[in-house]
Amino acid sequence: MSKSVFPDNFLWGGATAANQYEGGYLSGGKGLSTLDAITGGNHTTPRMITYKTKEGKIETCTRGAALPEGAVGYVDPNQYYPSHVATDFYHHYKEDIALFAEMGFKCFRLSIAWSRICPKGTTEINEKGLAFYDKVFDELLSYGIEPIVTINHFDIPMYLADELDGWSSRKVIDYFLFFCETLFKRYKDKVKYWMTFNEINFLRSWTQIGIHQNDKQAKYQAAHHLFVASAKAVTLGRAINPDFNIGMMVAYIPSYPMSCNPEDVMEAIQFNREQEFYIDIQVKGYYPAHKLKEFERENIVIKKEAGDDELIQAGTVDYIGFSYYMSTVSASNPDEVKFVGGNQMPAVKNPYLQESDWGWAVDPLGLRISLCKLYDRYNVPLFVVENGFGAVDQVETDGTIQDDYRIDYFSKHIAAMSDAIELDGVELIGYTPWGCIDLVSAGTGEMKKRYGFIYVDMDDDGNGTLDRSRKQSFYWYKKVIAANGRQD
């Protein structure tokens, strides 16, 4: 039997997010977050924001749309909101962690709900919220499972969105730093690995960051505040515990040129820059020249305070965490291509690849390509913190779930990571497949789009027992972890 190429301390595990998994949306003193006002949807029907205008009218709009000035988030009692119960980690954490331990997890990635710790997002602390995560971390550590914490995952306390226009306000930096300081001091002996913001390149509207307008000026000003906040959090965390590893997290979708036509190649460069921009700032510590030129051309003016550039330079991260689900293609003539589905965006069909039922290109080699590109460009440790295959699972009459398609997907992606380590010399520290237990889809709000090794009995309308059961992939992943990634 061959020797594993993965390091002995490689962090095998799984990943979730509070707004898609935790539930208990008003339990234990938690306040509302923006995600609590986002309805369900499906592959063809978008999720909607429900809000109240300053005139008192109840309206809806899509998740990426701008909200009118003065509009506030509104939870309509006649609507179903998937985040409110999700798959109820809040009440099942002991059972779920026991299942993770049975699979042999070395780590578990979760996010902390900001509005559970600070119900309004300000400096008011909810002790019951802190105590909940104490119990979760203690349970994980009792099994030897390392917590990997995303500090903020795709939402913001609704009060900050309603009253301050979210991250468009510089005041939110201070509130975020208070939240971080509270976490770092409370959990400094329980959590070593942190990430500041989930998929920072997808933070672009009221849904994720509480901003009402989402033109490029508003989006990039908010992004600057996120960069400053992240850098200050890194500096603060290191002061509280020098042993912390604090990373950034980006959605990485490599784009290939449609052809060797230089016009297509340039399109691919420009596409890839849109995600590398966020990594450049958080790893290299400065705005890249191409983005400054874009700001100049488009009259985008980023309001900075004195010392912001130095703060960003001082607060660069220890590692890059990234999600990888799919690749796409860039073409100079959009009339000559076909569009398919994608992670938070449509993508161009690659004629060499198959897609999932939701239209996402399945491209294991694209993961190795991503690892090579990121390591060659930044030369810092990498952590694949999301990867997975959304599919409809069938529960057989005997209760089993034969998800061979998921096993095939993971097997090929783990092989790609193995090649990146052995053949390309990439420093990869861990792998946490997304939705290791079934949870609500961020993109569509569905339950039928399942990712987990563990099945949860819950449908798209919130009906079900929430009972957990092991899929075939559960037993397969357990063997993979036991063999430290070796698949022969």
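**Exercise 1. Strand β8 and its neighbours**

Task: State how many of the seven residues of strand β8 are buried, and find which strands β8 is joined to by bridges.

Solution.
Step 1. In this predicted model, strand β8 spans residues 245-251, and six of its seven residues are buried. The strand is therefore mostly covered, given that buried means under 20% relative accessible area.
Step 2. On one pairing, β7 and β8 run parallel and are joined by three bridges. Met195 stands opposite Gly247 of β8.
Step 3. On another pairing, β8 and strand β10 (residues 319-323) run parallel, with five bridges between them. The partner of Ala251 here is Ser323 in β10.

**Exercise 2. From β5 to β7**

Task: Determine in which sense β5 and β6 pair, how many bridges join β6 to β7, and how many residues of β6 are buried.

Solution.
Step 1. Strand β5 covers residues 107-111 and pairs with β6 in the parallel sense, over five bridges. Within this pairing, Leu110 has Val149 of β6 as its bridge partner.
Step 2. Strand β7 (residues 193-197) runs parallel to β6, and four bridges join the two. Asn152 faces Phe197 of β7 as its opposite residue.
Step 3. Strand β6 takes in residues 146-152, and seven of its seven residues are buried.
Step 4. Read in order, the bridges link β5 to β6, β6 to β7, β7 to β8 and β8 to β10.

**Exercise 3. The three-stranded sheet**

Task: Give the strand order of the open sheet of three strands, and explain why one side of β3 and of β4 is left without a neighbour in the sheet.

Solution.
Step 1. The order is β3-β2-β4, and the pairing is antiparallel.
Step 2. β3 (58-62) and β4 (72-73) stand at the edges; each has a single partner strand, so one side of each lacks a neighbour in the sheet.
Step 3. Strand β2, residues 48-52, pairs with β3 over five bridges in the antiparallel sense. One of the residue pairs is Ile49 with Cys61, the latter in β3.

**Exercise 4. Positive phi outside glycine**

Task: For Phe154 and Asn484, give the approximate phi and decide whether each is buried or exposed.

Solution.
Step 1. Most residues other than glycine have a negative phi.
Step 2. Phe154 has a positive phi, near 70°. Phe154 sits in the loop between β6 and α5 (158-164). With a relative accessible area of 8%, Phe154 is buried.
Step 3. Asn484 is not a glycine either, and its phi is positive at about 50°. Its place is the segment after α14 (472-482). Asn484 is buried, at a relative accessible area of 15%.

**Exercise 5. Cysteines**

Task: Count the disulfides, then find how far the nearest cysteine sulfur is from that of Cys118.

Solution.
Step 1. A disulfide needs two cysteine sulfur atoms within 2.5 Å, and the count by this rule is zero.
Step 2. For Cys118, the nearest cysteine sulfur belongs to Cys180 and is 9.8 Å away, so Cys118 is in no disulfide.
Step 3. Cys118 is buried, with a relative accessible area of 0%, whereas Cys260 is exposed, with 74%.

**Exercise 6. Two pockets**

Task: Describe the volume and lining of the largest pocket and of the second largest.

Solution.
Step 1. The largest pocket has a volume of about 660 Å³. It is lined by 36 residues, and those closest to its centre are Arg63, Gly342, Gln344, Gly443 and Thr444. By class, this lining holds eleven nonpolar, 19 polar and six charged residues.
Step 2. The second largest pocket has a volume of about 490 Å³. Its lining has 19 residues, of which Gln270, Phe271, Arg273, Glu274 and Gln275 are closest to the centre.
Step 3. Two or more residues of that second lining come from each of α9 (262-284) and α10 (289-297). α9 gives the most, with six residues.
Step 4. The lining of the second largest pocket divides into seven nonpolar, four polar and eight charged residues.

**Exercise 7. An annotated residue**

Task: Locate the residue covered by the UniProt annotation "active site", and decide whether Glu386 is buried or exposed.

Solution.
Step 1. The annotation comes from an unreviewed UniProt entry and covers Glu386.
Step 2. Glu386 belongs to strand β14, residues 382-386.
Step 3. The relative accessible area of Glu386 is 4%, so the residue is buried.

Conventions
Residues numbered from 1 in each chain as written. Predicted model: local features only at pLDDT ≥ 70, side-chain atom pairs only at ≥ 80, totals over all residues. Heavy atoms only, no water. Pairing = 2+ DSSP bridges. Buried < 20%, exposed > 50% of the residue type's maximum accessible area, 1.4 Å probe, protein only. 1 Å grid on protein atoms, 1.4 Å probe; cavity = no way out; pocket = protein on both sides within 12 Å on 5 of 7 lines; lining within 4 Å. Points joined across faces, edges and corners; volume = space filled by probe spheres on them. Nonpolar A, V, L, I, M, F, W, Y, C, P; charged D, E, K, R; others polar. UniProt positions renumbered as here; feature names shortened; annotations may be inferred.
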